[in-house]
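Let's walk through this protein together, from its overall layout down to a few individual residues. Keep the structure open beside the text as you read.

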Amino acid sequence: GNDAVAVINGTNALAMTLAAPGKDLDGSLLIIVSNGSAAHTVAPATALNNAGSNFDTAITFAAGGKQVVALMAINEFWCIFPSVAGGTLTNVTVTFS
């Protein structure tokens with residue numbers, strides 16, 4: 001696989017879809033960085049961590065600061081760091097105070 005860094009730039013909020021990784025990307029890291037100018041969203045095409053509809057949620061970056069989220073491709077799914085072991089994931093919001 002290949003590691004990649006995606007920088008989201010834009011003064012207006014961008015809504016993007018993240019395609020599911022192929023098997024050839026197993027072990028690859030995807031680092032997504034937001035420029036902090038708007039509340040950008042990244043919606044995975046398949047549930048994060050292969051956890052079904054409870055993890056079928058968009059990653060939302062808060063406006064006002066630079067944020068980063070890390071994902072790893074495992075068995076054709078994106079797994080988020082840190083990985084949530086169980087329960088229901090209602091949203092992923094990247095923000096700092």
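Before we meet any strand partners, one definition helps: two strands pair if DSSP finds at least two bridges between them. Keep in mind, too, that this is a predicted model.

Start with the overall layout. The protein has zero helices and eight strands, and reading along the sequence gives the pattern β-β-β-β-β-β-β-β. Of the 97 residues in the protein, 36% are buried. The accessible surface comes to about 5300 Å², and carbon and sulfur atoms hold 56% of that area. Among contacts with a separation of 6 or more, 78% link residues that are 24 or more positions apart.

Now find the open sheet of four strands, whose order is 1-3-6-7 and whose pairing is mixed. Strand 1 (4–8) and strand 7 are at the edges with a single partner strand each, so one side of each has no neighbour in the sheet. From one strand to the next, the twist averages 30°. Inside this sheet, strand 3 and strand 6 run antiparallel and are joined by six bridges. To locate that pairing on your screen, look for I32, whose bridge partner in strand 6 is V69.

Next, turn to strand 4 (41–44). Strand 2 (residues 15–18) runs parallel to strand 4, with four bridges between them; here M16 has V42 as its bridge partner. Strand 4 also pairs with strand 5, this time in the antiparallel sense and over two bridges. In that pairing, T41 stands opposite T60. Which side chains of strand 4 point to the buried face? They are V42 and P44, whereas T41 and A43 point to the other face and are not buried.

V42 also leads us into the interior. The largest nonpolar core has 13 residues, and V42 is listed with I32, F61, L71 and W78 as having the most contacts inside it. Two or more residues each come from strand 3 (29–34), strand 5 (59–61), strand 6 (67–74) and strand 7 (77–80). Strand 6 gives the largest share, three residues. As background, nonpolar side chains in soluble globular proteins tend to be buried together.

L71 is a good residue to click on. Leaving aside neighbours within four places in sequence, the contacts of L71 include L18, L48 and I59. Further along the chain, W78, C79, I80 and F81 are also among the contacts of L71. I32 is another of them, so you can go from L71 back to a residue we met in the strand 3 and strand 6 pairing.Finally, look at two asparagines in loops. Most residues other than glycine have a negative phi. N49 is not a glycine, yet has a positive phi of about 60°; N75, also not a glycine, has a positive phi of about 50°. N49 is located in the loop between strand 4 and strand 5, while N75 is in the loop between strand 6 and strand 7. Is N49 buried or exposed? N49 is buried, because a relative accessible area of 16% falls under the 20% cut-off. N75 counts as partly exposed, at 47% relative accessibility, because that value lies between the 20% and 50% limits.

Technical notes. Residues numbered from 1 in each chain as written. Predicted model: local features only at pLDDT ≥ 70, side-chain atom pairs only at ≥ 80, totals over all residues. Heavy atoms only, no water. Core = buried A, V, L, I, M, F, W, Y, C linked by side-chain atoms within 4.5 Å. Buried < 20%, exposed > 50% of the residue type's maximum accessible area, 1.4 Å probe, protein only. Contact = heavy atoms within 4.5 Å. Axes fitted to C-alpha atoms, helices over the stretch in contact; angles between N-to-C directions. Areas by Shrake-Rupley, 256 points an atom, 1.4 Å probe, with all protein chains shown as cover.
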